[in-house]
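Here are a few short exercises to work through with the model open on your screen. Try each one before you read its solution.

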Amino acid sequence: MREIIITELTNALQELARGFAHYLPRAVVMLIIAFIGWVIAYLLKVIVRGILRVTKFSKLSESAGATALLNQAALPSSTELLSRFVFWVAWVGFILLGVSVLGIVGLEEYTSRFFLFLPRLFVALVILFLGSLAASFFSRAALLAAVNANFRSSRLLSASVRIIISIFALSMMFEVLGVAEQTMLMAFGTVFGAVMLGMAIAFGLGGKDLAREFLERRLATGKKEEKEDELSPL
Amino acid sequence: MAEETLLTDDFLRQLINVGEVDILVGLPTHNNAKTIEPVLRAIQAGILKCFPRERVVIINADGGSQDGTPDLVTGASIDDVWRASKVYTLRTLHAISTQYARTPEPGTALRTILAAADLLRAQTCVVVSPDSATIEPDWLQRLARPVYNDHFDMVSPVYRRQKFEGVLTRNLLYPMTRAIYGSRVREPYASEFAISGRLATDFLTNDVWNDEWGRTGAEICLTIAAIIGKYRVCQSFLGTKAQDRSASDLVAAMRRTVGALFSSLDRTFPLWSTIAASETVPTLGTQSDLALEPVKLDRERLREMFSTGVAQLEPVFRSILSPSTLSELQTIAALDINDFHYPADLWARTVFEFAASYHKSVISRDHIVQALVPLFRGRALAFLLENQDDHDENMETTVESLCGEFERLKPYLLEVWADRK
């Protein structure tokens, strides 16, 4: 009995030693890959930060309204955030590459999934950024046009434009990420329909007097009156 | 040469048939059939009366009129004018029309006229607005003579206007151009003017045509180019100016003028940043009497549009204006019509902060120009209220005082221009 235990223990220790001897060089390779990955990721971060500064990305981000959002959330600037994102994606990619060298069964699948997911994540982030840019630009354009046309609910119109574009961008982003596609599609359809119906009812009920006044002015005697009110700038 | 591709083959052929000319009269048009005939008659009468021996051509650059404007220009007979004036020209008066685009583009219209002047080696190029309801034959002489005989390079008009006409020119374009470029040209954005062939040729090579704002407001860019290029500039009293008020679109007018003026500041910074004072410009002729009815304006509506604009556009103003300027504007926006005022120094600071924000592109440049519209309405209202009982002389004093504020605050513009925030 005692001999059997000793033999089993010896076998187990030998197995452990063999396993350790088998994995140690791979672990060293993994650490080397992770270190090289850190250096490359750091260099990428510096390069991306430089490019973003040269191309005045912060101005674009400011005009898109992203800077204000980041400030409110006490986050670093958009340039810093994007360069850090590139650093972490690159480094995590190298770490996973290193882990795959270890040959752990099942982990390789997750590693390959991660790499397949990266382009989709990037596209989703680009959609989110462009969406916020478009939402900010068009909502401001709507606000200015409405104010200069003396439209009473300018802010409401501007906010509606921003919400519709944001919902559209978010639904596109989730579709790219493959997160709850059906739910997002239904949610988008419902919200979009509700907003449109709400606006139609609001304009129909709230603006009927305004519409009548407008039509009366246009079609009846109003043209003279309008002319009198106009400034002659030049 | 870019101008050769700008002009169509047919137009070039017609120009070659005309040959060299002494004076070219340019008419940029778009659906002006209702107003073009008296303008044409005045031009023809002006040519017969003042330039019977010179080789003159009328060039119509049309932006896709649907009402037959080009036919009216080319078909206008000089016989009636001959009979009325009893004066005959010694030369054939040519009238050529060309369509430069299907939609109106003021910059391209001017470029087409200048390119024609360059090709025909015109000594003098006169541009006349097709909707000048009060144009007289003498206008042609007053514009062309200083260039043709006295070798000036640019003649800018001085109009006799109804008290509250040209509010943008009086409150922004003139004071700012004067403070920035140091030249007291009363109408930096003129719809009637004359230039020498030399200036026309030089301006065609200007990089303004590569810039969207330059193309939109080429007229003000031409004035600026004449001032900073040290060309000989003078002004000429033309007479009463009246405009079709129904056609006035404030946002479009701001884009054409203020947008182009702000845009010019980027290109010319090394020149204007060193100019410290303004100089007078020689002014020829005598001022005429005003014969127009006063304009009626709804002041309460102007105040309401200003107040609403300040309140609704607050998030936009926060990225353009300094906190102190915005705070002062918010105080003014709460005032009743009887107490309403928009001081000259605050207006000058507002405009300069907008110009600096435009330079830094803090938001879309077009949005910056549009955001100035409600504030301009406020300033226009204050101007109307300040001058409602005054005579023209007193209003001139107000304009002069506003110009003084713009000149005094020019260091402030340089400060906010350089501010990296």
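**Exercise 1. Describe how helix 11 and helix 12 of chain B pack, and say which residues make the contact.**

Keep in mind that this is a predicted model.

Step 1: Find the two elements. Helix 11 of chain B covers residues 218-228, and helix 12 of chain B covers residues 250-267.

Step 2: Take the geometry. The axes of these two helices are 8 Å apart, at an angle of about 40°.

Step 3: Name the arrangement. Angles from 35 to 65 degrees fall outside the parallel and perpendicular classes, so helix 11 of chain B is oblique to helix 12 of chain B. Their crossing is right-handed.

Step 4: List the contact residues. Helix 11 of chain B brings Ile220(B), Cys221(B) and Ile224(B). From helix 12 of chain B come Arg256(B), Thr257(B), Ala260(B), Leu261(B), Ser264(B) and Arg267(B).

Step 5: Sort them by class. This contact has five nonpolar, two polar and two charged residues.

**Exercise 2. Work out how helix 1 and helix 4 of chain A are oriented to each other.**

Step 1: Look at the chain as a whole. Chain A has nine helices and zero strands, so its elements, read from the N terminus, are given as α-α-α-α-α-α-α-α-α.

Step 2: Pick out the pair. Helix 1 of chain A spans residues 2-54 and helix 4 of chain A spans residues 78-101; their axes come within 8 Å and cross at roughly 160°.

Step 3: Apply the cut-off. Angles over 145 degrees count as roughly antiparallel, so helix 1 of chain A is roughly antiparallel to helix 4 of chain A. The crossing is right-handed.

Step 4: Check the make-up of the contact. By class, there are 21 nonpolar, four polar and six charged residues.

**Exercise 3. Find out how many disulfides the structure has, and decide whether Cys125(B) and Cys403(B) are buried or exposed.**

Step 1: Recall the chemistry. A disulfide is a covalent bond between the sulfur atoms of two cysteines.

Step 2: Search all chains. The count is zero disulfides.

Step 3: Look at the distances. For Cys125(B), the nearest cysteine sulfur is that of Cys234(B), 15 Å away. For Cys403(B), the nearest is also that of Cys234(B), at 19 Å. The cut-off is 2.5 Å, so neither cysteine is in a disulfide.

Step 4: Judge the burial. Buried means under 20% relative accessible area. Cys125(B), at 1%, is therefore buried, and so is Cys403(B), at 0%.

Notes
Residues are numbered from 1 along each chain as its sequence is written. Chains are lettered from A and ligands numbered from 1 in the order in which they are written. This is a predicted model: local features need pLDDT of at least 70, side-chain atom pairs count only at pLDDT 80 or more; totals for chains, interfaces and linings use all residues. Side-chain values use heavy atoms; hydrogens and water are left out. Buried means under 20% relative accessible area, exposed over 50%, partly exposed in between (1.4 Å probe, protein chains only). Axes are lines fitted to C-alpha atoms, for helices over the stretch in contact, and angles run from 0 to 180 degrees between N-to-C directions. Helices (H or I, at least four residues) and strands (E, at least two) are DSSP runs, numbered from the N terminus. Angles under 35 degrees count as roughly parallel, over 145 as roughly antiparallel, 65 to 115 as roughly perpendicular and the rest as oblique. A crossing is left-handed if the near helix is turned anticlockwise from the far one by less than a right angle, and right-handed if clockwise. Contact means heavy atoms within 4.5 Å. Ala, Val, Leu, Ile, Met, Phe, Trp, Tyr, Cys and Pro count as nonpolar, Asp, Glu, Lys and Arg as charged, and the others, Gly among them, as polar.
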